[in-house]
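Here are my notes on the model, point by point. Have the structure open while you read.

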Amino acid sequence: MSYSHLNQPQVVSNVDKLVRGTLSNKLGFEEVRNRLNDLYHPFMNTLDEELGYSETANAFIYSTNSIVGDSYPCDVFWDHDKTQFFIDRLSYYENAIDVKDDLWRDQEIANKAELEIYIRELINHYSKLLFVYVDLKYTREESHLVDIETFHAHMNHMRDLIGNKKTCFEHLQGYAWALEQGDMNDGLHCHLLLIYDGSKRQNDYYLGKEVGEKWRHITDGVGTYYNWNTSSNKWKYDQQNLLGMGMIYRNNSLEVENAVRTASYLTKPEKSGQQLKVMISDMRSFGRGTYRNTKRRRLTPRTK
C-alpha cells in the first residue's frame, strides 16, 4: 500500500498503527518492513518540529533516526537488517507509550466527570433544554487536503461563532466539543454538543442542519457533517428508552439521565484509538462552556 497521497495527520496515524502493531506482535516481519518502506519517506517529509506528536510517533522518530543517521529519507531503504534493528529499538519505548496512554485515559475520565457536573448544573437551572449533536468532519474525497493546522483554524472559527451566540447559536446556554481522529479512516473530526434554552428554541433538527452548513461554509466546502437529531435517530433511541437528545425536561428523570449518558460519549476513555496523533502547541482536544457566568440568569460567578 502506498501512503504518498496521504496528508500529515493520516501519515502519523498510520505510523501509530505500525508502532502499536509491531510492539503487540500483530504484524509479521515482512508487513513491518513493507510499511516502513511505504511510510518512512512521507512521514519524514511532513515532520514539523513545531508540532507535538504522539508517543508512538516519537518512538518511530527516535528508533529510525538511531538506525539511518543523517541519511536523506529518499535514500533510505528498509532491508532485512534495518527492519530488525527497528523492531529491536522500538521495544525501548514501549513503557513510555504505555505511560502516555494511561495519562490520556485518566484525562478522559476527568473530562467525563467534569462534563457530567456541567450538564447536571445546566439541567437543574433550566426547566427544559434542547440538546443538539453534530459531528463536524471532512469529505472522504477531500480529507487528504486537511492538515492539523487547517483543522485547528477551522475549529477556532467555529468556536468564535459559538461564542458570539448569533444566528443558529442564539439562545445557546451550554456546549461541549471533543476533537478526535478516526482509527479506521484516520479522518480529523469534532463531536459537538450544543445546549439551547428550551423555552426559546424548539427545532433541534433544523438547528443541527444550520450548524452543519456553517461548518461547510467555514471549510469552503471541504467539510461535511452528520446531524444526529433526525426523527429516525430519535425514534430508534426512544424505543429503547435511551433518548438523550432533543428537548430534555428537568422533571423527567429518565430524560435527564439519558442526556447525561449521551453527552458522556464525547469523553470515552475506551476510544484511545481515536485520540489526536499530532497537535499544535497548547491545542486542546476537549472543551466545554462555563456554567457560572454573569450572563446566566439569577446566577453569579463562583468566588474563590
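1. Let me begin with one residue. Arginine 20 comes out as partly exposed, since its relative accessible area is 32%. Keep in mind that we are looking at a predicted model, so every value in this note is a computed one.

2. What does arginine 20 pair with? Its partner is aspartate 101, in a salt bridge whose closest N and O atoms are 2.9 Å apart. Arginine 20 sits in helix α1 (residues 8-23) and aspartate 101 in helix α5 (residues 94-125), so this pair ties together parts that are 81 residues apart in sequence. Unlike its partly exposed partner, aspartate 101 counts as buried, at 12% relative accessibility. The pairing also extends to one further residue: Asp16, Arg20 and Asp101 are joined into one network by salt bridges that share partners.

3. Now look at glutamine 275, which belongs to the loop between α9 (253-263) and β7 (278-280). Is glutamine 275 buried or exposed? It is buried, with a relative accessible area of 16%, and the cut-off for that label is under 20%. Setting aside residues up to four places away in sequence, glutamine 275 touches Arg20, Asp101, Trp104 and Gln181. Both members of the salt bridge from point 2 are therefore on the contact list of this loop residue.

4. The total for the model is eleven salt bridges, and two more of them deserve a look. Glutamate 30 pairs with arginine 33, with 2.8 Å between the closest N and O atoms. These two are three residues apart in helix α2 (residues 29-46), which means that about one helical turn separates them. Glutamate 30 is partly exposed at 41% relative accessible area, and arginine 33 is also classed as partly exposed, at 23%.

5. The other one is the pair of lysine 100 and glutamate 55, where the closest N and O atoms are 3.2 Å apart. Here distant parts of the chain are linked: lysine 100 is in helix α5 and glutamate 55 in helix α3 (residues 55-68), 45 residues apart. Lysine 100 is partly exposed, with a relative accessible area of 43%.

6. Next, helix packing. Two packed helices are described by the angle between their axes and the distance between the axes. For α1 and helix α4 (residues 80-90), the axes come within 10 Å and cross at roughly 80 degrees, so α1 is roughly perpendicular to α4. On the α1 side the contact is made by Val19, Thr22 and Leu23, and on the α4 side by Phe86, Ile87 and Leu90. Sorted by class, that contact has five nonpolar residues, one polar residue and no charged ones.

7. Phenylalanine 86, one of those contact residues, lies in helix α4. Its relative accessible area is 0%, so it counts as buried. Which residues surround it? Leaving out neighbours within four places in sequence, phenylalanine 86 is in contact with Thr22, Val32, Leu36, Phe60, Ser63, Thr64, Ile67 and Trp78. Take Val32 from that list: valine 32 and phenylalanine 86 are 54 residues apart in sequence, yet their C-alpha atoms are 9.3 Å apart in space.

8. If you were wondering about disulfides, the structure holds zero. Why is cysteine 168 not in one? Its closest cysteine sulfur, in cysteine 190, is 14 Å away, which is too far for a bond, since a disulfide needs the two sulfur atoms within 2.5 Å. Cysteine 168 is buried, at 4% relative accessibility. Cysteine 74, by contrast, is exposed, with a relative accessible area of 54%.

9. Finally, the overall picture. The chain has nine helices and eight strands, and its C-alpha atoms fill a box of roughly 70 × 45 × 35 Å along the principal axes. Of its 304 residues, 47% count as buried. Among contacts with a separation of 6 or more, 73% are between residues 24 or more positions apart.

Terms used: Residues are numbered from 1 along each chain as its sequence is written. This is a predicted model: local features need pLDDT of at least 70, side-chain atom pairs count only at pLDDT 80 or more; totals for chains, interfaces and linings use all residues. Side-chain values use heavy atoms; hydrogens and water are left out. Buried means under 20% relative accessible area, exposed over 50%, partly exposed in between (1.4 Å probe, protein chains only). A salt bridge is a side-chain nitrogen of Lys or Arg within 4 Å of a carboxyl oxygen of Asp or Glu. Helices (H or I, at least four residues) and strands (E, at least two) are DSSP runs, numbered from the N terminus. Contact means heavy atoms within 4.5 Å. Axes are lines fitted to C-alpha atoms, for helices over the stretch in contact, and angles run from 0 to 180 degrees between N-to-C directions. Angles under 35 degrees count as roughly parallel, over 145 as roughly antiparallel, 65 to 115 as roughly perpendicular and the rest as oblique. Ala, Val, Leu, Ile, Met, Phe, Trp, Tyr, Cys and Pro count as nonpolar, Asp, Glu, Lys and Arg as charged, and the others, Gly among them, as polar.
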